[in-house]
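Walk through this structure with me, one region at a time. Keep the 3D view open as you read.

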Amino acid sequence: MGSAYLDASGKQAFGKPEKPVPRHRGLRKAAAVQTLASLIWIPQAAILATAVGRIADGGGFNDVFGLAVYIALFGIAKSCLEAAGGRMAFRAARTELTARRELATAAVARRSPIDSTRPSSGEAASVIGEQAEMIVPYLSRFQPARFKASAVPSIILACIFPISWIAALILLFAMPLIPVFMALIGWRAQAASEKQLAATGGLNGFLLDRLRGMATIRSLGAVDATATRLRADAESLKTRTMAVLKIAFLSSAVLELFAALGVALVAVYVGFSLLGETRFGAWAGGLDLTSGLFVLLLAPAFFEPLRELSAVWHDRAAGEAAMKAINALNVEGLQLPAASDAPAVATAGAIRLANVGFRYGKDSNAAIDGFDLSVRAGEHVALLGPSGSGKSTLLALIAGHATGDTGSVTIDGQPVSSALHDKIAWVGQKPHIFAGTIAGNISLGRPNVSMESVAESLNFAKLNRFARSHARRPLGDGGLGVSGGEALRLAIARAACNPNARIVLADEPTAHLDAETASDITESLIALAKGRTLVVATHDPRLAARMDRTIVLNPETLREAAE
Ligand code: ADP
Ligand code: MG
């Protein structure tokens, strides 16, 4: 999880949205190979019918031995082609899945961290990790099966028609009924599958959220309510899964019925022809044993691709639903500003906000409106204001987590973008601690962070003792067992080991801390910001007093500024 997050937020993940993935060409080739394998049955059936005809005419072993060899050779070729086709299809499907996963992960990573309409982590994980796997059977089995079902029956029909038009007609009538019924059923199956996947995603999201909040749920005695909701969700998932299965069974039952009827009618016709009861339906002189047997052997093969298609029919519904779900992660929300093409200049760290306005949604109030601010390079500034006055939003705009709706945010005259991420150190309000080692939590896999600088930053943030006590015991999921002060020190250490940082942004670093720890953190922060620009949002007058300048921010002054 940790490393996936790191990959996803790494530089390469940002940038312009890619084009949609082209359908893999390997799939078409695989389908063609599999179709060829199915068609080999036609010469095999012809040879088999000829051999039986010869035996019936009193032929001996020598008359049919050569034919038997041919049948065996064709059989081997068929197996080889089938295996090769299956493997090609599987490979192509996996390649496609990987491409789609990459697109979706990049799209999720491009969403701004302050976008509250982002898909929940549990849901995104479920869609990208688990549900996306459904795309593989859909592409590797359903797509080739569909191609086969459209090609093989018509070729077989073309072989039967010159021998007996009535047999061809029987098959022709039985065939279109199948796709019509399947389409009707498939249409329902798709809806059912989408509902089932949505239920799975919802259940996963809910479960992850509640597992994270287990301590809250337990301590407030809300276990029963959560369990009830979980039971209801699981129940609904069960119903939806059963609905999908019911439709799958129904579709194969319909197909088997028509296939059996078609083959039986052909068999009856061939039987009567051979008994001499009817000469009707064949072109000249009725059917003999060889041609009759050939037609009879081809009849089940005519339905075979359709049966195969129906066996994988619900792969289609599940696959298309998964495809839709993973593509839905690709929607544009609040985006991170794209990297500008201008080369990153050496940054001194002067920040300028001119007439900046920002709202979180189209119909929500402006979080910031017509805001101006100019911070010199190396200046230390406190943003003071009541909760909800837009401090965190301002920091997010400076950090380039989102773009303002109006005005401009520039750093040394350059618009903020992901190209500047390296220049900005962020000490968030609630630093996320990943499960893993302390060193890993500090370096976060950044390429420009060396192990020496991690050790130095541990020293700098006064984390040595903490690091020693956790030397053998990695940190828990979500920072379990890490105190508020320790978490902030970790955040400061993360910032300290980036030598390129010219700007430090801190969001209420001393909130929720006791006076002593708060003053410790204040000192560390000021040490970190030495020679750098610092903007800190805070309620803490003691922290604000240590800054060069304090900017008071409240809804009134914001509104005044707007007027
Ligand atoms: P502060 O940090 O000063 O407490 P914020 O910048 O967090 O204030 O919030 C400013 C306004 O924007 C508040 O009205 C808040 O409800 C709203 N807001 C903050 N974060 C989000 C978000 N992720 N999605 C929607 N609205 C938000
Ligand atoms: Mg805030």
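**From a buried loop to the ligand shell**

Start with Asp-115, which sits in the loop between α4 and α5. This is a predicted model, so read each value below as computed from it. Asp-115 has a relative accessible area of 8%. Buried means under 20%, so Asp-115 counts as buried. Set aside its neighbours within four places in sequence, and Asp-115 is in contact with Gly-333 and Leu-334.

Stay in this loop and look at Arg-111. Arg-111 lies between α4 (61-110) and α5 (121-130). Is Arg-111 buried or exposed? At 5% relative accessibility, Arg-111 counts as buried. Its side chain makes a polar contact with the side chain of Thr-117, at 3.4 Å. Not counting residues up to four places away in sequence, Arg-111 touches Thr-117, Arg-118 and Pro-119 on one stretch of numbering, and Val-331, Gly-333, Leu-334, Gln-335 and Leu-336 on another. Gly-333 and Leu-334 appear in the contacts of Arg-111 and also in those of Asp-115.

Now move to the ligand. Which residues surround ligand 1? Ile-114, Ser-116, Tyr-360 and Ala-367 are part of the shell. The run Pro-386, Ser-387, Gly-388, Ser-389, Gly-390, Lys-391, Ser-392 and Thr-393 completes it. By class, these residues divide into 4 nonpolar, 7 polar and 1 charged.

Look next at the polar atoms around the ligand. A nitrogen atom of ligand 1 is 3.0 Å from an N or O atom in the side chain of Ser-116. For Gly-388, the backbone takes part: one of its N or O atoms lies 2.7 Å from an oxygen atom of ligand 1. Ser-389 also uses a polar backbone atom, 3.3 Å from an oxygen atom of ligand 1. How much of ligand 1 does the protein bury? Taken alone, ligand 1 exposes 550 Å², and the protein buries 63% of that.

Follow the shell into helix α12. This helix spans residues 391-399 and gives the most to the shell around ligand 1, with 3 residues. Why is α12 described as largely enclosed by the rest of the structure? Because 8 of its 9 residues are buried. Those buried residues are Lys-391, Thr-393, Leu-394, Leu-395, Ala-396, Leu-397, Ile-398 and Ala-399. Lys-391 and Thr-393 are thus buried in the helix, and both also belong to the ligand shell. Gly-400 follows α12, with a positive phi near 80°.

Positive phi values turn up at other places too. Asp-412 is not a glycine, yet its phi is positive, near 50°. Asp-412 is placed in the loop between β4 (406-411) and β5 (414-415). Its relative accessible area is 28%, so Asp-412 is partly exposed. Glu-508 is another residue of this kind: it is not a glycine, and its positive phi is about 45°. The loop that holds Glu-508 runs between β7 (503-507) and α17 (515-528). With a relative accessible area of 11%, Glu-508 is buried. So Asp-412 is partly exposed, whereas Glu-508 is buried.

One more site is worth a stop. Leu-169 is in helix α7, residues 165-212. At 33% relative accessibility, Leu-169 counts as partly exposed. Leu-169 and Leu-157 are 12 residues apart in sequence, and their C-alpha atoms are 8.8 Å apart in space.

Finally, step back to the whole chain. The protein chain holds 19 helices and 9 strands. Why is the chain called more spread out than a compact globule? Its radius of gyration is 34 Å, and the globule rule gives 24 Å for 563 residues, so the chain is well over that value. Taken along the principal axes, the C-alpha atoms fill a box of roughly 110 × 50 × 45 Å. Of the 563 residues, 44% count as buried. The chain exposes about 28,500 Å², and carbon and sulfur atoms supply 61% of that. Consider contacts between residues at least 6 apart in sequence: 82% of them join residues at least 24 apart.

Conventions: Residues are numbered from 1 along each chain as its sequence is written. Chains are lettered from A and ligands numbered from 1 in the order in which they are written. This is a predicted model: local features need pLDDT of at least 70, side-chain atom pairs count only at pLDDT 80 or more; totals for chains, interfaces and linings use all residues. Side-chain values use heavy atoms; hydrogens and water are left out. A residue is near a molecule or strand if one of its heavy atoms lies within 4 Å of it. A polar contact is a pair of N or O atoms within 3.5 Å; within protein, one must be able to donate a hydrogen and the other to accept it, and residues adjacent in sequence count only if both atoms are side-chain atoms. Accessible areas come from the Shrake-Rupley method with a 1.4 Å probe; for residues, only the protein chains shown count as cover. Helices (H or I, at least four residues) and strands (E, at least two) are DSSP runs, numbered from the N terminus. Ala, Val, Leu, Ile, Met, Phe, Trp, Tyr, Cys and Pro count as nonpolar, Asp, Glu, Lys and Arg as charged, and the others, Gly among them, as polar. Buried means under 20% relative accessible area, exposed over 50%, partly exposed in between (1.4 Å probe, protein chains only). The radius of gyration is taken over C-alpha atoms; the globule rule is 2.2 Å times the number of residues to the power 0.38. Contact means heavy atoms within 4.5 Å.
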